[in-house]
Amino acid sequence: MHSALAIANEFLEIAEGENVGLSPMKLQKLVFLAHGWHLAIHKAPLVREGVEAWQWGPVISDLFHEVKEFGRESIRGRITDLGLLDPDEVDLYDAEIYRIPAYDTKTTGFLKEVWDVYREFTGIQLANWLHVKGSPWYQVWNQKGGVGLIEVISDDIIKEYYERYPQGQD
């Protein structure tokens, strides 16, 4: 299990290698999709943070706050800190917040597969898929009446949803 920031940085690196820009929305959705598929395929969470049902879809709060300054533009660079740490004072333990360890090729390979499936889609297209009736976000948001309450979407709900689809499809 990794921090959402480490997963996001891996997607940013893959995208940069292919000269493709990633907006905050698309990055957020890719991290969520990877987490959902990881739960379904590997029966274990990919990210350690909880995914929340916000008005506009599933959101990982730490990731949202790190990239929101880019608005609808492509994110430039990598996520370097939580806003709480001085990047010059990050030790090796803290570095795991930002990077997937080089030896974890299983995770990086998995993220590349997720990227290959979803790379051509816009953030809006991915968001639309994640808002369909019956989706994890839809279940939690509508269970609470769709009123500005932020609720965590349980991994069980996410896993159950993604297990219903053939691998690589949504």
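**Entry 1: Arg99 and its partner**

I began with Arg99, which counts as partly exposed because its relative accessibility is 35%, and burial is assigned only under 20%. I note at the outset that the model I am reading is a predicted one.

I then asked which residue forms a salt bridge with Arg99. The partner is Glu13, and the closest N and O atoms of the two are 2.9 Å apart. I looked up where each residue sits: Glu13 belongs to helix H1, while Arg99 is in the loop between helix H4 (92-98) and H5. The two are 86 residues apart, and the pair thus links distant parts of the chain. Glu13 is also partly exposed, because its relative accessibility is 34%.

**Entry 2: Glu18 and its salt bridges**

I searched the whole structure for salt bridges and recorded 8.

Glu18 drew my attention next. Glu18 forms a salt bridge with Lys112, with 3.2 Å between the closest N and O atoms. Glu18 is placed in the loop between H1 and H2, and Lys112 in helix H5, 94 residues apart. The side chain of Glu18 also meets that of Arg119 in a salt bridge, at 2.6 Å from N to O. Arg119 lies in the loop between H5 and H6, 101 residues from Glu18.

Are these three residues buried or exposed? I found none of these labels to fit exactly: Glu18 is partly exposed, at 29% relative accessibility. Lys112 is partly exposed at 32%, and Arg119 is partly exposed at 22%.

I followed the links further and found a network of salt bridges that joins Glu18, Lys112, Asp116, Arg119 and Glu120.

**Entry 3: Lys26, a charge without a salt bridge**

I turned to Lys26, which lies in helix H2 (residues 24-42). Lys26 is buried, yet Lys26 has no salt bridge. How far away is the nearest side chain of opposite charge? That side chain belongs to Glu120, and the distance is 7.2 Å. A salt bridge requires a nitrogen and an oxygen within 4 Å, so a pair at such a distance does not qualify.

I listed the contacts of Lys26, leaving out residues up to four places away in sequence: Tyr118, Arg119, Glu120, Phe121, Thr122, Gly123 and Leu126.

**Entry 4: Helix H2**

I checked the length of H2. With 19 residues at 1.5 Å a residue, H2 should span 27 Å, and the end C-alpha atoms are 26 Å apart, so the two values agree. H2 is mostly covered, since 16 of its 19 residues are buried. After H2 comes Lys43, which has a positive phi, near 60°.

**Entry 5: Helix H6**

I looked for the buried residues of helix H6 (residues 123-130) and found Gly123, Leu126, Ala127 and Leu130. Why do they lie on the same side of H6? They cover an arc of only 100° around the axis, which puts them on one side. The cover over these buried residues includes H2, strand E2 (57-59), helix H5 (105-118), helix H7 (136-143) and helix H8 (155-163).

**Entry 6: The nonpolar core**

The largest nonpolar core contains 44 residues; Phe11, Leu27, Val31, Leu63 and Tyr162 touch the most other members. The elements that give two or more residues to this core are helix H1 (4-17), H2, strand E1 (51-54), helix H3 (61-67), H5, H6, H7 and H8.

I examined Leu63 more closely. Not counting residues up to four places away in sequence, Leu63 touches Leu5, Ala8, Leu27, Gln28, Val31 and Ile79.

**Entry 7: Val59**

I located Val59 in strand E2. Val59 is buried because its relative accessible area is 8%, which is under the 20% limit. Beyond residues up to four places away in sequence, Val59 touches Gln28, Gly50, Val51, Glu52, Trp54 and Phe64. I also looked up the pair Val59 and Trp137: they are 78 residues apart along the chain, and their C-alpha atoms are separated by 9.3 Å.

**Entry 8: The whole protein**

Lastly, I recorded the overall totals. The secondary structure comes to 8 helices and 3 strands, in the order α-α-β-β-α-α-α-α-α-β-α along the sequence. Of the 170 residues in the protein, 44% are buried. Among contacts with a separation of 6 or more, 71% join residues 24 or more positions apart.

How values were computed
Residues are numbered from 1 along each chain as its sequence is written. This is a predicted model: local features need pLDDT of at least 70, side-chain atom pairs count only at pLDDT 80 or more; totals for chains, interfaces and linings use all residues. Side-chain values use heavy atoms; hydrogens and water are left out. Helices (H or I, at least four residues) and strands (E, at least two) are DSSP runs, numbered from the N terminus. Buried means under 20% relative accessible area, exposed over 50%, partly exposed in between (1.4 Å probe, protein chains only). Lys and Arg count as positive and Asp and Glu as negative; His and the chain ends are not counted. Contact means heavy atoms within 4.5 Å. The arc is that of the directions from the helix axis to the C-beta atoms. The expected span of a helix is 1.5 Å times one less than its number of residues. A nonpolar core is a set of buried Ala, Val, Leu, Ile, Met, Phe, Trp, Tyr and Cys residues joined through side-chain atoms within 4.5 Å.
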